[in-house]
Amino acid sequence: MFPAMFAAPCRWYRKMANQWLFQLREREPGTVVLVMRRVFIVPAGPGLAYTGLLLVMLVGALNYNLGLGFALTFFAGACAVADMVLTAKNLAGLHLAPGRVQPVFAGHEARFELRLHNPDGPDRYAVWLGFQQDGEPRHVADVPAGGNALAVLSCATAQRGWLEAPRIRLLTRYPLGLFRAWAYWKPDLRALVYPCPEPDAPPLPMQGAASEEGHGQVGLDNFAGIRSYQPGDPMRHLAWRQIARHDPSLGGQLVTKHFDGGAVAELCLDFAQLPLWMDRELKLSRLTSWVLEAERRALPYAFRLGPHQFEAALGDAHRAACLQALALYGAERQP
């Protein structure tokens, strides 16, 4: 008889424990709703002091048999209960969704965007967010009724590859601060961390011979004159002195400087061509620095890294593809 009586409560506690462990370990894809059973609440420091005050008031009312003292004590206790309910409801019902994450270089901070949506209910005030590993949350947000709020949390990066967002804790003490309610969320969000560029990297590995015509495909050695602006021309090549004389807003024309190189050269960033004695991470760091330098100088470059074979190109898409290949090189888990 007794085992049958305790079977149902044990199953319920086991189910709640499994849900709690799921929140601790597993990522939660898509939008997550903070239902009431996900919200934990305990008395805060002021709440414990308030409880002591209620006990003193109750003892005084009993000792002196004061009807007004009893009324005041129970009224204050009812206010504490109402505050406990409102504190829990300040979190319960929120819709949490992951936002965007921009790639970063190792050593910089990854910034995770988090979106809080309040589809119904009253305004939610003083909702604190932060990574659990960082201790007390430091970012606070107010979510209006039927509105949204955006929170951005930063996390330090140490190595290349994918960096998963740590577990997030949402905390509130609103409205009176007597109770402390919190909830956990592990968003399905990760940042791509590029290798750190090598400081003072060697010059770009140019290859080629001199041309009889004296025109180059990569070199930008000799100033050849001024020509009309063409889409794709680097901003640093704009002829600002000529543009200043004829304001484009008044009908003037944008012009750029034209250069001729002195060698027919090709730029290929090949991981296999780096010295064998170099450490793998140092090789990746050097290639990262070369990719950024080639983009800065507007030099088309080919890229070779394992299965990644990119022809000579230039631009944000080419740069992102090369840096992603460097970030995930040798990683077991691919996106």
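This note goes through aromatic pairs, charges over rings, one buried arginine and one pocket in a predicted model.

1. On the aromatic pairs in general: a pair of aromatic rings is described by the distance of the centres and the angle of the planes. A search of the whole structure finds seven aromatic pairs, and one of them is formed by Phe112 and Phe131, whose ring centres are 6.0 Å apart with 90° between the planes, an edge-to-face arrangement. This pair links distant parts of the chain, since Phe112 belongs to strand S5 (residues 109-117) and Phe131 to strand S6 (residues 124-131), 19 residues apart.

2. On the surroundings of that pair: are Phe112 and Phe131 buried or exposed? Phe112 has a relative accessibility of 1% and therefore counts as buried, and Phe131, at 3% relative accessibility, counts as buried as well.

3. On a stacked pair: the ring centres of Phe303 and Phe310 lie 5.9 Å apart and their planes meet at 20°, so this pair is stacked. The cut-off behind that word is an angle under 30 degrees between the planes. Phe303 is buried, with a relative accessible area of 0%, whereas Phe310, at 24% relative accessibility, counts as partly exposed, because the buried class ends under 20%.

4. On the cluster and the residues beside it: Phe40, Trp182 and Tyr184 are linked into a cluster by ring pairs. Tyr184 also has the charged end of Arg167 over its ring, 4.0 Å from the ring centre, and the backbone oxygen of Tyr184 is reached by the side chain of Arg38 at 2.7 Å. Arg38 itself is found in the loop between strand S1 (32-33) and strand S2 (40-43), and Arg38 is buried, with a relative accessible area of 9%.

5. On another charge over a ring: Lys283 lies over the face of Phe271, and the distance to the ring centre is 5.2 Å.

6. On the second largest pocket: what is its volume, and which residues line it? The volume is about 180 Å³, and the lining includes Leu129, Gly130 and Phe131, together with Asp134, Glu136, Arg138, His139 and Val152, among others. The elements that give two or more residues to this lining are S6 and strand S8 (148-156). By class, the lining has five nonpolar, three polar and three charged residues. A student may wish to look at Phe131 once more here, as Phe131 is one of the lining residues and also forms the edge-to-face pair with Phe112.

Key:
Residues numbered from 1 in each chain as written. Predicted model: local features only at pLDDT ≥ 70, side-chain atom pairs only at ≥ 80, totals over all residues. Heavy atoms only, no water. Phe/Tyr/Trp six-rings, centres within 6.5 Å; stacked < 30°, edge-to-face > 60°. Helix = DSSP H or I, 4+ residues; strand = E, 2+ residues; numbered from the N terminus. Buried < 20%, exposed > 50% of the residue type's maximum accessible area, 1.4 Å probe, protein only. Lys NZ or Arg CZ within 6 Å of the ring centre and 35° of its normal. 1 Å grid on protein atoms, 1.4 Å probe; cavity = no way out; pocket = protein on both sides within 12 Å on 5 of 7 lines; lining within 4 Å. Points joined across faces, edges and corners; volume = space filled by probe spheres on them. Nonpolar A, V, L, I, M, F, W, Y, C, P; charged D, E, K, R; others polar. Polar contact = N/O pair within 3.5 Å; in protein donor to acceptor, adjacent residues only side chain to side chain.
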